[in-house]
Amino acid sequence: MVWLGLLGLILLLLVLRQSLVLVLAVATAYIHLFVAKSEIEFLIQDFWFTVDREVLLSIPLFMLAGNIMSRGSIAKRLIGFMSAFTSPFPGGLGIACVLSCAAFAAINGSSIVTMMAIGSVMYPALLAKGYSQSFALGAIASAGTLGIIIPPSIPLILYGIMTERDISKLFIAGIGPGLLLTAMFCAYAVTVNFRMPRIAFDLGEAARSFFGGVFALALPFIMIGGIYGGVFSPTEAGAVSLAYALFIEFFIHEDEHAKPVPAGAGPFARVRHYLASREMSLRTLKDVILETTRLLAILLPLLCVAGSLNTILDHSGTPKQMVQVLAGAIQDRWAMMIAINLLLLVVGCLMDVGSAILILAPLLEPLAVAKGFDPIHFGIIMIANLEIGYLTPPVGLNLIVAMAAFKASFGTVVRSVIPFVAIMLVWLCVVIVYPTLSLALVAR
């Protein structure tokens with residue numbers, strides 16, 4: 001009767017169209033009171049213990065850094081550099097789109113930020129050069145998902161927090177699969193656009209684009225090299241990313257349309273002119289901080305509730321019992337992995353990535369480990385499954401954002417990503433079958 005009461009309460013809240021945070025909070029409080037026979041004040045303690053972790057600081061740092069880069073000129077300069085070097089190849093601008101998304105993903109950690117920053121420049125450019133709308137939409141929406149597998153990745157941070165795995169190792173494990181998917185997307189861009197006109201390589205333009213974007217290009221190598229070399233932790237990497245982005249936008253990158261300083265201007269006028277000529281203004285920075293704060297106001301309560309639910313389930317022994325039952329019911333390790341992947345693909349269609357990780361990661365990882373799969377490898381498998389969920393209706397976040405940002409119908413966007421989803425399913429199989437792809441750099 002207790003569990004039926006919980007189910008009824010959840011269904012009632014869903015019928016009333018309450019937010020996922022409220023549904024989870026009420027469900028967690030119900031479990032505390034009526035299942036675990038605990039006190040309600042322990043719920044608040046769990047909230048605090050969940051957020052009282054140093055590694056959690058990396059999430060707002062990476063989010064703020066990514067938003068600063070998307071509002072500034074880093075994305076445009078990355079695109080200019082990639083386009084200059086890929087223009088001689090078939091489908092060169094399509095390749096540049098994919099590579100720009102991969103590079104931008106390696107410095108901000110967010111799929112949506114990557115898609116919007118690169119897509120706002122690349123989508124009209126692709127259409128102007130004669131690329132089909134279907135390819136342009138599909139490439140931008142799909143390559144944007146590279147933001148959750150290429151480190152630093154906010155979903156990988158969430159997975160590490162919920163399963164208590166080393167986030168640095170998860171970051172490094174994402175490099176191989178991320179590069180493979182990037183290469184597969186580039187190969188597809190070449191194949192479907194093989195007859196598109198090519199542009200001869202211009203050494204002068206390539207040099208200008210390189211020097212214009214060299215500071216932006218250095219950041220992925222600083223981030224990945226620093227984490228891999230043990231120079232800084234994932235949290236410190238977030239701080240480095242933010243400081244570097246602020247430094248570039250305020251002291252390096254100048255607005256190409258800025259007017260020269262007036263002759264005879266005084267020192268205060270020169271300071272005002274300098275600030276006005278930067279790619280990032282103080283007013284824009286304020287807006288970016290407020291936008292990031294609003295996003296965190298959605299994420300952190302959800303993380304608190306999920307952490308509390310995870311704690312009470314762990315104390316009750318429910319996950320261990322579930323592992324024992326399912327491990328006994330499905331003897332073959334590959335049958336278990338197939339079942340988990342099918343579940344994650346379905347979940348990816350119905351839930352956002354963050355919610356799926358917070359709820360399912362602590363439950364599914366023990367199942368995979370019980371069948372002999374490496375926990376770091378399984379983390380990459382789970383993120384890879386949920387990455388596909390960004391492109392599958394009805395809750396595919398990239399589909400919804402692309403529809404709104406590029407003013408296309410939902411059906412048009414869905415049809416455009418079908419070939420890319422097929423590529424990602426093949427890629428997922430490779431990631432599952434060949435754990436070395438994920439674990440080679442982790443030295444496991």
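# Helices, contacts and surface in a predicted model

Biologist: What secondary structure does the protein have, and how many helices are there?

Modeller: This is a predicted model, with 444 residues in the protein. Buried residues make up 51% of them. Strands number zero, and the helix count is 22.

Biologist: What share of the contacts with a separation of 6 or more comes from residues 24 or more positions apart?

Modeller: Contacts here are heavy atoms within 4.5 Å. Among those with a separation of 6 or more, residues 24 or more positions apart account for 78%.

Biologist: Is helix H4 mostly covered or mostly open, and how many of its residues are buried?

Modeller: H4 runs over residues 58-71. Its buried residues include Phe62, Ala65 and Met69. The helix is mostly covered, and of its 14 residues the number buried is 10.

Biologist: How far apart are the end C-alpha atoms of H4, and what span should its 14 residues have?

Modeller: The rise used is 1.5 Å a residue, so the 14 residues of H4 should span 20 Å. The end C-alpha atoms agree with that, being apart by 20 Å.

Biologist: Which residues of H4 does serine 241 touch, and is serine 241 buried or exposed?

Modeller: Serine 241 lies in helix H13, residues 234-252. Leaving out residues up to four places away in sequence, serine 241 touches Ile107, Leu219 and Met223, along with Phe62, Ala65 and Met69; the last three are among the buried residues of H4. With a relative accessible area of 0%, under the 20% cut-off, serine 241 is buried.

Biologist: Which residues does arginine 71 contact, leaving aside neighbours within four places in sequence?

Modeller: Arginine 71 is in helix H4 and is partly exposed, at 38% relative accessible area. Its C-alpha atom is separated by 9.9 Å from that of aspartate 287, 216 residues apart along the chain. Aspartate 287 is one of the contacts, which are Met280, Thr284, Asp287, Val288 and Glu291.

Biologist: How many salt bridges are counted, and which side chains meet?

Modeller: The count comes to one salt bridge. Glutamate 365 lies in helix H18 and arginine 165 in the loop between helix H9 and helix H10, so the pair ties together parts that are 200 residues apart in sequence. Glutamate 365 is buried at 7% relative accessible area, whereas arginine 165 is partly exposed at 30%. The N to O distance is 2.6 Å, and the side chains that meet are those of glutamate 365 and arginine 165.

Biologist: Which cysteine sulfur is nearest to that of cysteine 101, and how far away is it?

Modeller: A search of the whole structure finds zero disulfides. A disulfide would need the sulfur atoms within 2.5 Å, and cysteine 101 is in none. Cysteine 101 is buried, with a relative accessible area of 0%. The nearest cysteine sulfur belongs to cysteine 97, and the distance is 4.7 Å.

Biologist: Which helix gives the most to the nonpolar surface patch?

Modeller: The patch is about 540 Å² and is made by Phe85, Phe201, Leu203, Phe210 and Phe211. Phenylalanine 211 counts as exposed at 61% relative accessibility, and its helix is H12. Three residues of the patch come from the helix that gives the most, H12.

Biologist: What part of the accessible surface of the protein belongs to carbon and sulfur atoms?

Modeller: The accessible surface comes to about 20,000 Å². The part that belongs to carbon and sulfur atoms is 70%.

Definitions and conventions:
Residues numbered from 1 in each chain as written. Predicted model: local features only at pLDDT ≥ 70, side-chain atom pairs only at ≥ 80, totals over all residues. Heavy atoms only, no water. Helix = DSSP H or I, 4+ residues; strand = E, 2+ residues; numbered from the N terminus. Buried < 20%, exposed > 50% of the residue type's maximum accessible area, 1.4 Å probe, protein only. Patch = residues over 30% accessible without salt bridge, like charges linked within 9 Å, V, L, I, M, F, W, Y side chains within 5 Å. Areas by Shrake-Rupley, 256 points an atom, 1.4 Å probe, with all protein chains shown as cover. Salt bridge = Lys/Arg side-chain N within 4 Å of Asp/Glu carboxyl O. Expected span 1.5 Å × (residues − 1).
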